[in-house]
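Please open the structure in a viewer and keep the selection tool at hand. The tour below proceeds stop by stop, indicating what to select and what is found there.

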Amino acid sequence: MKKIILIICDGMGDLPVKQFGDKTPLEAAFTPNMDKLSTEGVNGIIHVLGKGIRPNSDEAHLTLFGYDLKKDYPGRGPIEAAGLGVKLEHGDVAVRANLATVDNELRVKDRRTGRIEDTTGFTKELDGIEINGVKFIVKSGTGHRVIIVMKSKGLSDKISNSDVHYVSEDKVVENWSDNKVNKIKPLDNSKESKFTAEVLQEFLKKSHEILEKNPLNAEREKQGKLKGNYFLTRGPGYYKKLSSFKEMYGLKSCCIAGAGLYKGLGAIAGMDLIHVKGATGLPNTNVNAKIKSAKKHMKDYDFAYVHIKPTDIYGENGDCEGKKGFIEKIDKALGELKGFKGLIAITADHSTPCSRKDHSGDPVPLLIHGANVKADNVVKFGEKECRNGSLGALLGKDLMKVVLKLAKD
Ligand code: ZN
């Protein structure tokens, strides 16, 4: 069995761009390393969730990893909690939150405490408090982002959000007519939902009092900054333990990612999280260091999942030049894999066409290099060319089966 490096370039898939002579950013980019891998390897396209279905990143990743979303999707809260290193147990409920600024009437003045950079001075006071037998784990994410995990028996994720502005993953309405925070409500008639809503509401009340008294807020006010005094919660999820990559595939696996969500996806799939200096999940991320680290860790692991985020960020900004330039950066970094004897698979979790500034249901290209099978006729890694590859059109849920088969040959 060969060792496997799976590189997922977030949102890399795209549509033809006029200024590139109707090529996509990937097709227009100068990518000698990817093209060599494509030429020597086998290629195809993936309809990640199914033909024409627009995926969210977390759903797309879990599907590519071989999980069944209907059965296994734990919700965004638990995934991001896992990314922050919180040890989750079956039955825990996690929510995402913003540390925000509210006035005395609990009206939202600022959803992100004036884009506060670090909330650890606020969350550490609350981490571990207990209310009605429920233990609250409170951890800081990047910037204003916070994760709140409730640990107890008898909890449910069928509860509403305190964040009045939040509509969905992609939609936040900033100017709401009634700007008052929402009360957490149960979303079904179960006693678990009622209890969870009540206990989270009590936590929000208590934490508001504690946050108000935090000396950091007095200091912030002196400096003319906004106070961080309320949690706007959203994305509740009930943690179900998933089978690990080791259990499903017999692979000792690691995850190399910069952004929290992707570390979380690796963690809930039972992968070890490898910290790479300079891996930020932002356009300034050090792709070279990530690829180098993946190669180095193949001494100890059978499988590495490498996540590269900025292709998606450029797509969502509609910046096709930036996307093309970043793909060239990834290509250069792939030079670090020279001499790696295992399998290299490169694909995307979905398309994020620059023309749409959003994820789309368009298929993504796939290349697999290093298998002992005859190379196909594809000589350039790109959306159009990969359609003619010998792997044909796959569904996301079949990717791991195909990769494992080729790793065995
Ligand atoms: Zn994505």
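**First stop: a salt bridge within a helix**

Select E198 and K194, whose side chains meet in a salt bridge with an N to O distance of 3.5 Å. The model is a predicted one. Both E198 and K194 belong to helix α7, residues 191-213, and they are 4 residues apart, about one turn of the helix. E198 is partly exposed, because its relative accessible area is 46%. K194 has a relative accessible area of 49% and is therefore partly exposed as well.

Next, select E192 and K191, where a further salt bridge joins the two side chains at 3.7 Å, N to O. E192 counts as partly exposed, because its relative accessibility is 27%. For K191 the relative accessible area is 67%, so this residue is exposed.

**Second stop: salt bridges elsewhere in the chain**

Move to K139 and D127, whose side chains form a salt bridge of 2.9 Å, N to O. This pair links distant parts of the chain: K139 is in strand β6 (residues 134-140), whereas D127 is in the loop between α6 and β5 (130-131), 12 residues apart. K139 has 30% relative accessibility and so counts as partly exposed. D127, with a relative accessible area of 29%, is therefore partly exposed.

Then select D58, R76, E80 and R96 together; these residues are linked in a network of salt bridges. The count of salt bridges in the model comes to 21. As a general point, side chains of opposite charge can pair when their charged atoms come close.

**Third stop: the zinc ion**

Which protein atoms serve as donors of the zinc ion? Select the ion and display D10 (OD, listed twice), S57 (OG), D349 (OD) and H350 (NE2), which lie 1.9 to 2.7 Å from it. Along the chain, the donors follow the spacing D-x46-S-x291-D-H. D10 and D349 link distant parts of the chain, 339 residues apart: D10 is in the loop between β1 (4-9) and α1 (25-28), and D349 is in the loop between β14 (343-347) and β15 (364-369). Both D10 and D349 are buried.

**Fourth stop: strand β15**

Select β15. Is this strand enclosed or open to the surroundings? It is largely enclosed by the rest of the structure, because 6 of its 6 residues are buried. V364, L366 and I368 point one way from the strand, while P365, L367 and H369 point the other way. In a regular strand the side chains alternate between the two faces of the sheet.

Now add the neighbouring partners. Strand β2 (residues 42-47) pairs with β15 in the antiparallel sense over 5 bridges, and β14 pairs with β15, also in the antiparallel sense, over 3 bridges. Centre the view on L367 of β15: this residue is the bridge partner of N43 and also of I346.

**Final stop: two residues with positive phi**

Most residues other than glycine have a negative phi. Select T113, a residue other than glycine whose phi is near 45 degrees. T113 lies in the loop between β4 (108-110) and α6 (120-123). Its relative accessible area is 0%, so T113 is buried.

Finally, select R115, which is not a glycine and has a positive phi of about 55 degrees. R115 is located in the loop between β4 and α6. Is R115 buried or exposed? R115 counts as exposed, because its relative accessibility is 54%.

Terms used:
Residues numbered from 1 in each chain as written. Predicted model: local features only at pLDDT ≥ 70, side-chain atom pairs only at ≥ 80, totals over all residues. Heavy atoms only, no water. Helix = DSSP H or I, 4+ residues; strand = E, 2+ residues; numbered from the N terminus. Buried < 20%, exposed > 50% of the residue type's maximum accessible area, 1.4 Å probe, protein only. Donors = N, O, S within 2.8 Å, 3.2 Å for Na, K, Ca; no water. Salt bridge = Lys/Arg side-chain N within 4 Å of Asp/Glu carboxyl O. Pairing = 2+ DSSP bridges.
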